Amino acid sequence: MKLVTFEVATPVGPARRLGALIDGDENGRICDLTESYAAYLAAKTDEPTPRGLALLRTPPDMIGWLRGAHESRAAAEHAVAFARTHAEAFAPGSGRLVYSRHEVRLMAPLPRPNSLRDFSIYQDHMSKADVPFEKTEHWYVTPPYYKGNCDTITGPEDPVPYPYYTKRLDLELEIGIVVGKKGSNLTFEEAKACIAGYTILVDGSCRDGYGREPFGPTKRKDFNTTLGPCMTTAHEIDERNYSRLRSLLSAGSPAVLAAAANLVASREATGQAEAAAQLRTDALRACLDRLGSDHPYAASLRDGARINADIEPTET
């Protein structure tokens, strides 16, 4: 499934909802999971309180849905199947099941994660940074990460802020790993079971702030992280099989994605895993820490520019 958080207009103002892409792409129809599951329960079961159970199993927010684990996933699958064949129906209480793409505003699939961690896992990461990062033997065992800002998450339709204090804005295309279960001291297999899904992540960075931030990234990283448009559930993706990266340009050498479970296990080896945590890989290719600040890519990141980026997995 491909899940989205979306906003729809109502008589009392915009309402935030949790949905699924029922046509398989971000430009197709979106079903409201809460309303679709309530309609399914009312039509296909003898459940006496369909709306109450729908709010429990398919609440209108991603964090609530993640907490429902396998029960919420099963409910969402019923909701999506019902919505595909009853697109014109209404749920008990007159809630719409399906919306056209132009009727909604897509937000970050996880608008406010409980935590945010950004890992370094590629050999040439920061190889052309102002202060190059030297890889020691520890880097190959325990990937380092920094803690990101959960309060500056934006979605695919939001503008990316251009901080006044930088002249070298960079946007790093990364893979976001959504952790859906709590845990600690996990094996790799246990860590893999904690992964709820994956999303595209664009990490905003200021490349001219190293000198003023000697204790690690603060203002040069804290101003924005873009997520979306959807979270693809983990059972649909094998993290080793990403075959193509398309962004503003293709440059640099291919890189092998470290197993996502290893990152989760590494993160939780000395701490508690939070439900609805967001882990992220470092930039795949198109970023100035790899290409150098004199690359033509740098000139394209100007105020008002439109940036498109996507990651496509193979089907096998």
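What percentage of the 316 residues of the protein count as buried? In this predicted model, the figure is 50%.

**Figure 1. Overview of the predicted protein model.** The secondary structure consists of eight helices and 17 strands. Of the contacts between residues at least 6 apart in sequence, 75% link residues at least 24 apart. The exposed surface of the protein comes to about 15200 Å², and carbon and sulfur atoms account for 52% of that area. The average pLDDT is 79, and 73% of the residues reach a score of at least 70. In the stretch 242–258 the pLDDT is below 50; these residues nevertheless have 51 contacts in the model beyond near neighbours in sequence.

**Figure 2. The crossing of helices α1 and α4.** Helix α1 covers residues 33–44, and helix α4 covers residues 69–85. Their axes come within 8 Å and cross at roughly 80°. The two helices are therefore roughly perpendicular, a term that applies to angles from 65 to 115 degrees. On the α1 side, the residues in contact are L33, S36, Y37, A39, Y40, A43 and K44. On the α4 side they are A75, A76, H78, A79, V80, F82 and A83. Sorted by class, the contact of α1 with α4 has 11 nonpolar, two polar and one charged residues.

**Figure 3. Backbone of A69 in helix α4.** Phi of A69 is near 50°, a positive value in a residue that is not glycine. Most residues other than glycine have a negative phi. A69 has a relative accessible area of 32%, so this residue counts as partly exposed.

**Figure 4. The cis peptide bond from G228 to P229.** Omega for this bond is near 10°. Most peptide bonds are trans. P229 sits in the loop that connects β13 (225–227) with β14 (231–233).

**Figure 5. Surroundings of R29 in the loop between β2 and β3.** Strand β2 spans 15–21 and strand β3 spans 30–32. With residues up to four places away in sequence left out, R29 touches A20, L21, I22, D23, A87, V98 and Y99. From R29 to H102 the C-alpha distance is 9.1 Å, across a sequence separation of 73 residues. The relative accessible area of R29 is 30%, so R29 is classed as partly exposed.

**Figure 6. K147 in strand β9.** Strand β9 comprises residues 145–147. Is K147 buried or exposed? K147 is exposed, because its relative accessible area is 58% and the cut-off for this class is over 50%. Apart from residues up to four places away in sequence, K147 touches L116 and R117. The C-alpha atoms of K147 and F119 lie 9.2 Å apart, with their positions 28 residues apart along the chain.

**Figure 7. G148 in the loop between β9 and β10.** Strand β10 covers 153–154. G148 has a relative accessibility of 21%. This residue counts as partly exposed, because buried requires a value under 20%. Between G148 and N224 the C-alpha distance is 9.3 Å, and the two residues are 76 apart in sequence.

How values were computed:
Residues are numbered from 1 along each chain as its sequence is written. This is a predicted model: local features need pLDDT of at least 70, side-chain atom pairs count only at pLDDT 80 or more; totals for chains, interfaces and linings use all residues. Side-chain values use heavy atoms; hydrogens and water are left out. Helices (H or I, at least four residues) and strands (E, at least two) are DSSP runs, numbered from the N terminus. Buried means under 20% relative accessible area, exposed over 50%, partly exposed in between (1.4 Å probe, protein chains only). Contact means heavy atoms within 4.5 Å. Accessible areas come from the Shrake-Rupley method with a 1.4 Å probe; for residues, only the protein chains shown count as cover. pLDDT is the predictor's confidence in each residue, from 0 to 100. Axes are lines fitted to C-alpha atoms, for helices over the stretch in contact, and angles run from 0 to 180 degrees between N-to-C directions. Angles under 35 degrees count as roughly parallel, over 145 as roughly antiparallel, 65 to 115 as roughly perpendicular and the rest as oblique. Ala, Val, Leu, Ile, Met, Phe, Trp, Tyr, Cys and Pro count as nonpolar, Asp, Glu, Lys and Arg as charged, and the others, Gly among them, as polar.
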